[in-house]
Amino acid sequence: METINEILAQLIPFTEWPMFILLIGGGLFLVCYSKFLPYRYFGHAIAITAGKYDDKTAKGDVSSFQALSAAVAATVGLGNISGVAIAIHDGGPGVVFWIWVTALIGMCIKFYSCSLSIMFRGKDSDGKLQGGPMFYITQGLGPKAKPLAIFFAVCGLFGFLGVFTANQFTETFMSVIEPSKTIFEMDETNWKWTVGFVLAIVTSFVIFGGLTKIAKVASAIVPFMVAVYLIAVIVVMAMNASQIMPSLKLILTEAWNFKTVVTGGFWGLVIIGIRRAMFSNEAGLGSAPMYHGQSKTDNPIKEGLVAMLGPFIDTILVCTFTAVVIILSGAYLEDQSGIVMTLTAFERTLFGYGDDLLMIIVSAFALSTLFTYSYYGVKCLSFLTNAKIGKFYNWYFVIMIVFAAVASLDLVKNLIDLSYALMVIPNMIAVLLLAPKVNKATKAYFKDLRNERA
């Protein structure tokens, strides 16, 4: 595992510039090219999500709300709770500002990529409707672009493993429950293996049941758990109201700290922010278009508008709340990373029971994320082979959960960072090249909407 970690750590720097240019440069281009559309029609996007404009006759497997819930399930989760802690540990409080910047740009990227996922839907070898980067690359850009789609799908076989989630869930379980003391005396490694096996078995029950089960479970668990988490955070912030402004001020002043202790200096700080934001809301990564591609809608623009709410809910709201709690509790000053830092912050600020509450929330998020991610991986393997072989991805996914429970946080983080950075390249190239088609459809959509209202 140490050897694999060293190889991954050496490869990551080569992906930093392409990721930065495509995500931030490409994203800013889309913001201007759309004339700030996602921000101007924010209220309209909420109305669509609430079902105000639903078309009962449209093709697809799940409603827009279910697709958003499932995509938010995959993104609101450990990326927000422990991803932010890792970002603050690696880059200090200022990194949160760069997470915000990336998320605001990410809303625009999500609008374009998820509109394309409906515009260019394909069918798998079973004749089922599919959407996602592989389909808008091959159909939108033509057969010559197929190598890009293959490259994306191959990286997805690694990027969509639930390794980070399994690893951080195990860490939470070990530090909150302390199983050797409270359940059964056994050394730490054996307990980690045990947690990994149990997680793998529970995940198997759901993922071998298919998409509709995943959507039902995710849309039931996630909104409730997001609400519980937000209430807990708001209680902490209300009890420490005097610390909120200083915490936000610290984020803003540290964001421009050119003498930062981060390796790579100021540039390193920005890169950590971009990486963690992408890990938190997955804008530009190409995962959400796979889920939104299944929505019961025939209007690509409507789906794009629903999808762009993801980064806002996920990063601007949830990540900011988490960051403020970590900063005002002082947990970021200690040498802890990942979920352990967030647990410390919650325990200190919620009457000593915050870590237990977080354990319950993390369990729900972890399971919903594992259920959703396996589905993305199946789609990648199905595209590379066929739908029958694609289902075997689930076995590989479940086995890797067990290994992730025992692996180090560094190894898991590096594997995800490298896979994500590589997936951004083909996806963003396609989104940028196909953006004019989305703009044309957007014009038609808003023209029709004005005529209906007239």
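Me: Partly exposed means a relative accessible area between 20% and 50%, with buried under 20% and exposed over 50%. With that settled for this predicted model, is Tyr 39 buried, partly exposed or exposed?

Reply: The relative accessible area of Tyr 39 is 30%. Buried needs a value under 20%, and exposed one over 50%. Since 30% falls between those cut-offs, Tyr 39 is partly exposed.

Me: Stepping back, what is the protein built from, in helices and strands?

Reply: Helices come in a count of 23 in this predicted model. Add the strands, and the full answer is 23 helices and two strands.

Me: What radius of gyration does the protein have, set against a compact globule?

Reply: For 454 residues, a compact globule would come out near 22 Å. The protein's own value agrees with that. Along its principal axes the C-alpha trace spans about 60 × 50 × 40 Å. The radius of gyration itself is 21 Å.

Me: What share of the residues in the protein is buried?

Reply: Here a residue counts as buried when its relative accessible area is under 20%. Out of 454 residues, the buried share is 61%.

Me: And what share of the contacts with a separation of 6 or more joins residues 24 or more positions apart?

Reply: Take the contacts in the protein whose partners have a separation of 6 or more. Those between residues 24 or more positions apart account for 84%.

Me: How far apart do the centres of the positive and negative side chains lie?

Reply: The positive set has 32 side chains and the negative set 28. Each set has its own centre, and the two centres are apart by 17 Å.

Me: How many aromatic pairs are found in the whole structure, and what kind do Phe 36 and Tyr 39 form?

Reply: The search of the whole structure turns up 21 aromatic pairs. In the pair of Phe 36 and Tyr 39, the centres are 6.5 Å apart and the planes make an angle of 50°. An angle under 30 degrees would be stacked and one over 60 edge-to-face. At 50°, the pair is therefore tilted.

Me: What kind of pair do the rings of Tyr 393 and Tyr 396 make?

Reply: Their centres lie 5.4 Å apart, with the planes at 80°. Because 80° is over the cut-off of 60 degrees, this pair is edge-to-face.

Me: Where do Tyr 393 and Tyr 396 sit, and how many helical turns separate them?

Reply: Both belong to helix α22, which covers residues 393-406. Tyr 393 is buried at 1% relative accessibility, whereas Tyr 396 is partly exposed at 27%. They are three residues apart in α22, so the separation is about one helical turn.

Me: Which residues do ring pairs link into a cluster?

Reply: This cluster is held together by ring pairs, and it has both Phe and Trp in it. Its members are Phe 97, Trp 98, Trp 100 and Trp 256.

Me: How many residues of helix α8 are buried?

Reply: Helix α8 runs over residues 133-140 and is mostly covered. Among its buried residues are Pro 133, Phe 135 and Gly 140. Of the eight residues in α8, the buried ones number seven.

Me: Which residues does Asn 167 touch, not counting those up to four places away in sequence?

Reply: Asn 167 is part of helix α10, residues 163-177. Its relative accessibility is 1%, so it counts as buried. Beyond its sequence neighbours, it touches Ala 404, Ala 407, Ser 408, Leu 409 and Val 412.

Me: How far apart in space are Gly 106 and Leu 285, C-alpha to C-alpha?

Reply: Gly 106 sits in helix α7, residues 95-119, and is buried with a relative accessible area of 1%. Leaving aside neighbours within four places, it is in contact with Ala 283 and Pro 311. In sequence, Gly 106 and Leu 285 are 179 residues apart. In space, C-alpha to C-alpha, the gap is 9.9 Å.

Me: What is the phi of Lys 35?

Reply: Most residues other than glycine have a negative phi. Lys 35, in the loop between α1 and α2, has a positive one. It is also exposed, with a relative accessible area of 59%. Its phi is near 55°.

Me: And what about the phi of Phe 36?

Reply: Phe 36 is found in the loop between α1 and α2, and it is partly exposed at 47% relative accessibility. Its phi is positive, near 60°.

Key: Residues numbered from 1 in each chain as written. Predicted model: local features only at pLDDT ≥ 70, side-chain atom pairs only at ≥ 80, totals over all residues. Heavy atoms only, no water. Helix = DSSP H or I, 4+ residues; strand = E, 2+ residues; numbered from the N terminus. Rg over C-alpha atoms; globule rule 2.2 N^0.38 Å. Buried < 20%, exposed > 50% of the residue type's maximum accessible area, 1.4 Å probe, protein only. Contact = heavy atoms within 4.5 Å. Lys, Arg positive; Asp, Glu negative; His and termini not counted. Charge placed at Lys NZ, Arg CZ, Asp CG, Glu CD. Phe/Tyr/Trp six-rings, centres within 6.5 Å; stacked < 30°, edge-to-face > 60°.
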